[in-house]
Amino acid sequence: MSRQLVPRLYPLLGLLVALLLAFVGQMLGGCDALQPTSESLIAVGGNLAPLTLTGDVWRLVSSMFLHAGAMHLFFNMYFLFQIGPLLVQRKGQAGFAVVYLGGGLLSSLAGAWWQAITMFSKGAAPAANGLPPLKLIVSVGASGAIMAVAGALACNLV
């Protein structure tokens with residue numbers, strides 16, 4: 001890595017620190033470091049369609065910084081550290097930020113939308129009230145944003 005590139009990577013390194021701090025905050029908020037429960041992830045800002053799409057739009061951003069355990073965080077950070085510098089080198093700090101944050105927001109929104117349209121279990125035995133059981137899925141992680149960075153590099157969009 002050249003000396004000129006290192007200062008340009010400060011925002012990427014700041015993002016990695018932000019992911020670590022969010023993970024620490026997540027644990028302080030009651031999440032287990034290895035296998036957090038869905039309930040604990042929802043409590044700290046996980047993306048759950050019924051909440052996100054009915055007013056808690058902040059969950060689209062917060063869920064991008066939360067992770068479902070230390071291994072999830074480690075692999076996301078490792079992959080980001082591997083490909084992030086390439087995008088910073090090609091497009092600069094602002095381009096990296098636009099791709100990362102834009103891709104993360106779009107993937108969070110797509111996840112909430114998909115949860116909303118697949119929420120009811122088809123073919124499952126109805127509950128006591130006659131309604132089909134719900135499949136509620138909480139989504140967390142930087143994977144969507146990281147895949148946006150990978151996609152931008154792979155498609156040579158930047």
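## Cysteines

C31 is buried, with a relative accessible area of 5%. C155 counts as exposed, at 52% relative accessibility. The model, which is predicted, holds zero disulfides.

C31 is among the residues that Q26 touches. That contact leads to the surroundings of Q26.

## Q26 and its surroundings

Q26 lies in helix α2, which covers residues 10-28. Is Q26 buried or exposed? Q26 counts as buried, because its relative accessibility is 2% and the cut-off for buried is under 20%.

Leaving out residues up to four places away in sequence, Q26 touches C31, P36, L41, V44, L66 and H67.

## Helix α2

Helix α2 has 19 residues. From its first C-alpha to its last it reaches 26 Å. That is close to the 27 Å expected at 1.5 Å a residue.

The buried residues of α2 are L12, L15, L16, L19, A22, F23 and Q26. They cover an arc of only 120° around the axis, so they sit on the same side of α2. These buried residues pack against α3 (38-43) and α6. The face turned away from the buried side carries L21 and L28, both exposed. After α2 comes G30, with a positive phi near 110°.

## How α2 meets α6

Two packed helices are described by the angle between their axes and the distance between the axes. For α2 and α6 the angle is about 145°, and the axes are 8 Å apart. The crossing of α2 past α6 is right-handed.

Which residues of α2 meet α6? They are P11, L12, L13, L15, L16, L19, L20 and F23. On the α6 side, the partners are A70, L73, M77, L80, F81, G84, P85, Q93, F96 and Y100. Several residues of α2 appear in both the contact list and the buried list, including L12, L15, L16, L19 and F23.

## Helix α7

Helix α7 spans residues 143-154 and has twelve residues. Its reach from first C-alpha to last is 16 Å, close to the 16 Å expected at 1.5 Å a residue.

Which residues of α7 are buried? They are A145, I146, V149, A150, A152 and L153. They lie on the same side of α7, because they cover an arc of only 160° around the axis. What covers these buried residues includes α6 (70-117). Helix α6 thus has a part in both settings: the buried residues of α2 pack against α6, and α6 helps cover those of α7. Just after α7, N156 takes a positive phi of about 55°.

## S62 and a distant partner in sequence

S62 is placed in helix α5, residues 59-62. S62 counts as buried, at 16% relative accessibility.

How far apart are S62 and V140 in sequence and in space? They are 78 residues apart in sequence. In space, their C-alpha atoms are 8.4 Å apart.

## The chain as a whole

The secondary structure comes to seven helices and zero strands. From the N terminus on, the elements run α-α-α-α-α-α-α. The chain has 158 residues, of which 38% count as buried.

Contacts between residues at least 6 apart in sequence were also tallied. Of these, 71% join residues at least 24 apart.

Technical notes:
Residues numbered from 1 in each chain as written. Predicted model: local features only at pLDDT ≥ 70, side-chain atom pairs only at ≥ 80, totals over all residues. Heavy atoms only, no water. Helix = DSSP H or I, 4+ residues; strand = E, 2+ residues; numbered from the N terminus. Expected span 1.5 Å × (residues − 1). Buried < 20%, exposed > 50% of the residue type's maximum accessible area, 1.4 Å probe, protein only. Arc of directions from axis to C-beta. Contact = heavy atoms within 4.5 Å. Disulfide = S-S within 2.5 Å. Axes fitted to C-alpha atoms, helices over the stretch in contact; angles between N-to-C directions. Left-handed = near helix turned anticlockwise from the far one by under 90°.
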